[in-house]
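Work through the exercises below with the model open. Try each task before reading its solution.

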Amino acid sequence: MWTLSGFADEIDDNFEKQCAVLNQLGITNIELRSAWGVNVLDLTAEQLRQAKAILADHKVSVSSIGSPIGKIFITEDFEPHLARQDIALERAEFFAAPYIRLFSFFIPEGDDPDSYRDEVIRRMASLAARAEGHDVILLHENEKEIFGDIPRRCVDIVESVASPQLRLTWDAANFVQCGVRPFTEGYESIRPHLEYMQIKDALLATGEVVTAGAGDGETLETIRALRSDGFDGYFSLEPHLGMTHSLGGFSGEDLFTKAHSAFTEIFRAEGIDYR
């Protein structure tokens with residue numbers, strides 16, 4: 001049975017409100033990116049304790065730490081950022097999260113991403129090595145304007161690092177915004193490395209983010225293929241219907257609920273059980 005999760009900080013900064021809305025929608029997991037407007041890696045000890053208590057009160061589990069690891073330019077100093085990975089690993093352990101989302105570094109505008117390949121692979125291998133001994137899997141997300149923005153480079157990262165603790169998460173909208181038809185051009189190569197799904201959609205013509213199934217992200221084709229080949233994992237709502245910025249987005253309760261309704265309607269129409 002497939003499991004819904006979501007970036008509930010798109011609902012509200014208040015963490016208790018985030019969890020309350022997840023309860024209303026019947027979503028039992030959260031992809032924890034921020035609480036009270038503070039990134040998960042920067043929460044104080046008291047905020048961490050409070051967040052954990054709120055999660056317990058609402059019976060919500062953490063599917064993934066939605067970290068900003070890898071969201072620096074490839075030309076920036078890596079060592080301080082690598083130390084941030086240790087905090088992400090601590091947060092995953094604290095919240096019993098099986099996954100940590102990360103990225104493969106912004107590329108300077110106008111530069112050829114492939115010219116930075118060796119340094120990207122070195123850095124991603126260092127991040128994966130840091131995770132050794134921790135019961136967690138790192139999930140590379142195909143963010144636009146980073147090295148791993150298109151299927152070919154996403155696959156190159158995981159196959160070159162060759163760590164069982166580095167896998168891929170799929171964001172159809174981000175692929176569309178890079179001019180990629182996700183299922184047609186990426187599914188076959190990415191599927192052997194695919195662990196997790198981020199749910200949003202977008203229009204090829206404009207890049208506008210829309211609800212799942214309303215854009216060019218080939219959501220239905222992807223879901224049918226995942227069901228056919230036995231995928232068993234999380235589907236994390238990340239609507240971005242209100243505002244988008246380099247570290248995330250915002251939708252508000254109404255638009256988040258709209259995104260949830262659009263996606264779960266696809267499941268119902270396809271006869272797919274989920275929780």
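The structure holds zero disulfides, a disulfide being a pair of cysteine sulfur atoms within 2.5 Å. This is a predicted model: local features need pLDDT of at least 70, side-chain atom pairs count only at pLDDT 80 or more, and totals for chains, interfaces and linings use all residues. Residues are numbered from 1 along each chain as its sequence is written, and side-chain values use heavy atoms, with hydrogens and water left out.

**Exercise 1. Cysteines**

Task: Find the nearest cysteine sulfur to that of C154, and its distance. Then classify C154 and C178 by accessibility.

Solution:
- Step 1. Take C154: the nearest cysteine sulfur belongs to C178, 8.9 Å away. C154 is in no disulfide.
- Step 2. Turn to C178. C178 is in no disulfide either, and its nearest cysteine sulfur is that of C154.
- Step 3. Apply the accessibility classes: buried is under 20% relative accessible area, exposed over 50%, partly exposed in between (1.4 Å probe, protein chains only).
- Step 4. C154 has 2% relative accessibility, so it counts as buried. C178 has 25%, so it counts as partly exposed.

**Exercise 2. Strand 6**

Task: Sort the side chains of strand 6 (residues 99–102) by direction. Then state which strands it pairs with.

Solution:
- Step 1. Fix the elements: helices (H or I, at least four residues) and strands (E, at least two) are DSSP runs, numbered from the N terminus.
- Step 2. Y99 and R101 point one way, I100 and L102 the other way. All are buried. In a regular strand the side chains alternate between the two faces of the sheet.
- Step 3. Two strands pair if DSSP finds at least two bridges between them. Strand 5 (residues 61–65) and strand 6 run parallel, joined by two bridges. Strand 6 and strand 7 (residues 137–141) also run parallel, with four bridges.
- Step 4. Place Y99: it stands opposite S64 of strand 5, and its bridge partner in strand 7 is I137.
- Step 5. Trace the chain from strand 6 through helix 4 (residues 117–130) to strand 7: this β-α-β crossover is right-handed. The term means that, with the strands pointing away from the viewer, the path from the first strand over the helix to the second runs clockwise.

**Exercise 3. Positive phi**

Task: Locate K59 and E218, and decide whether each is buried or exposed.

Solution:
- Step 1. Most residues other than glycine have a negative phi. K59 has a positive phi, near 55°. For E218, phi is also positive, about 55°.
- Step 2. K59 sits in the loop between helix 2 (45–58) and strand 5. With 68% relative accessibility, K59 counts as exposed.
- Step 3. E218 lies in the loop between strand 11 (209–210) and helix 8 (219–228). With 13%, E218 counts as buried.
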